[in-house]
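User: I would like to go through this structure term by term, asking each time what a label rests on. Please set each value against its definition before concluding.

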Amino acid sequence: MNKERLNIANKLLEFIHKSPTKYHVIDNIKSALLEQGYIPLSFNEKWELTLHGNYFIEQDNAALIAFRMGENMFEKGIRLICAHTDSPTFKVKPIAEMKDADNYVRLNTQGYAQPILTTWFDKPLSIAGRVALKGESPFTPNIRLVDLASPLLLIPNRAFHLTQGKTEQDISKQKEMLPILTIADEETNVEGILKRMIGKKLQITSDDILEYELYLYPYEKRTIGRHECRFYNMSPPRRLNDGLRSPSCPDGNKCKEQRNQHGSFLRCGRRNKFRIRRGGYSIL
């Protein structure tokens, strides 16, 4: 691999490392667009677009469209690129902490977008996402991104003689995939541990946290390896599939949005209402 391609590959891995969730992806893409001179738009304001102007608009911090005004677009056509902003993982449930009979404190999670379960065992995991904090009005909470950025969790694999003959489909997400956070004695109050960790990271009190949307991600940084640096070392591997196209969109002055099979009917899913309507035209 020549120096130029290696530099591109390293930039990709750095982007993925800084983008553990779909919200971080959009935030990093938005920062890159602003550096390139793109102008943010709002659905609540009239758009004043100029020829060859660069613009972008986002929805719910999870979907974004960037575009450049070209000449005779409706005669020459529009070139469009779409990319995922999310990737298969595990989502933390609202009531997160669980203490089992052996005093292990686990996080209550659910599968998101069909992760390959076997790739999540025995790896240091961290937590990232966004939180809603108390604001000046109950109707306008403060939304902040959070990345705990520490090897906090582990989903332990089972011994070989207990898993012999089992396939991916035989693994229970609700029994065998709940990550271990810590171990507590009988007097430890495990309720609110996660909120206290978030509060410490954001330098706020846990009482300020109204709600959170958090996901697990592999803590280890991705690398380039193998002979002649032709392969990415990444786990879980499907993060590369989704992350590869995301950073390339701003460079190509095209479009990106969150699309996932699991969330097709979500606000930012595949069948969302994120459309640009100006002058009677609708651009998906």
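Analyst: Of the 284 residues of the protein chain, 42% count as buried, where buried means under 20% relative accessible area, exposed means over 50%, and partly exposed lies in between, with a 1.4 Å probe and protein chains only. This is a predicted model, in which local features need pLDDT of at least 70 and side-chain atom pairs count only at pLDDT 80 or more, while totals for chains, interfaces and linings use all residues. Residues are numbered from 1 along each chain as its sequence is written, and side-chain values use heavy atoms, with hydrogens and water left out.

User: What makes the pair Arg130 and Glu213 a salt bridge?

Analyst: The rule asks for a side-chain nitrogen of Lys or Arg within 4 Å of a carboxyl oxygen of Asp or Glu, and the closest N and O atoms of Arg130 and Glu213 are 3.6 Å apart, so the pair meets the rule. The two residues link distant parts of the chain, with Arg130 in strand 6 and Glu213 in strand 9, 83 residues apart. Helices (H or I, at least four residues) and strands (E, at least two) are DSSP runs, numbered from the N terminus.

User: Why is Arg130 called buried, and why is Glu213?

Analyst: Arg130 has 13% relative accessibility and therefore counts as buried, and Glu213, at 16%, counts as buried because that value also falls under the cut-off. Both residues belong to a network of salt bridges that links Lys22, Asp60, Lys91, Arg130 and Glu213.

User: How many salt bridges does the rule give in total, and what does the one between Lys30 and Glu58 tie together?

Analyst: The count comes to nine salt bridges. In one of them, Lys30 and Glu58 have their closest N and O atoms 2.9 Å apart. Because Lys30 lies in helix 2 (residues 22-35) and Glu58 in strand 2, this pair ties together parts that are 28 residues apart in sequence.

User: Is Lys166 buried or exposed, or in between, and what of its partner Glu176?

Analyst: Lys166 forms a salt bridge with Glu176, the closest N and O atoms being 3.0 Å apart. Lys166 has 31% relative accessibility and so counts as partly exposed, whereas Glu176, at 18%, counts as buried.

User: How do you know that strand 6 and strand 7 pair?

Analyst: Two strands pair if DSSP finds at least two bridges between them. Strand 6 (residues 125-137) and strand 7 (residues 140-147) pair in the antiparallel sense over seven bridges, so the condition is met. Ala128 stands opposite Asp147 in strand 7, and the two strands form a hairpin with two residues between them.

User: Why is the phi of Gln203 worth pointing out, and how is this residue placed?

Analyst: Most residues other than glycine have a negative phi. The phi of Gln203 is near 60°, a positive value in a residue other than glycine. Gln203 lies in the loop between helix 5 (193-202) and strand 9 (209-218), and this residue is called exposed because its relative accessible area is 74%.

User: Which other residue has a positive phi, and why is that residue called partly exposed?

Analyst: His52 has a phi near 65°, again in a residue other than glycine. His52 sits in the loop between strand 1 (39-40) and strand 2 (54-59), and its relative accessibility of 48% is the reason that His52 counts as partly exposed.
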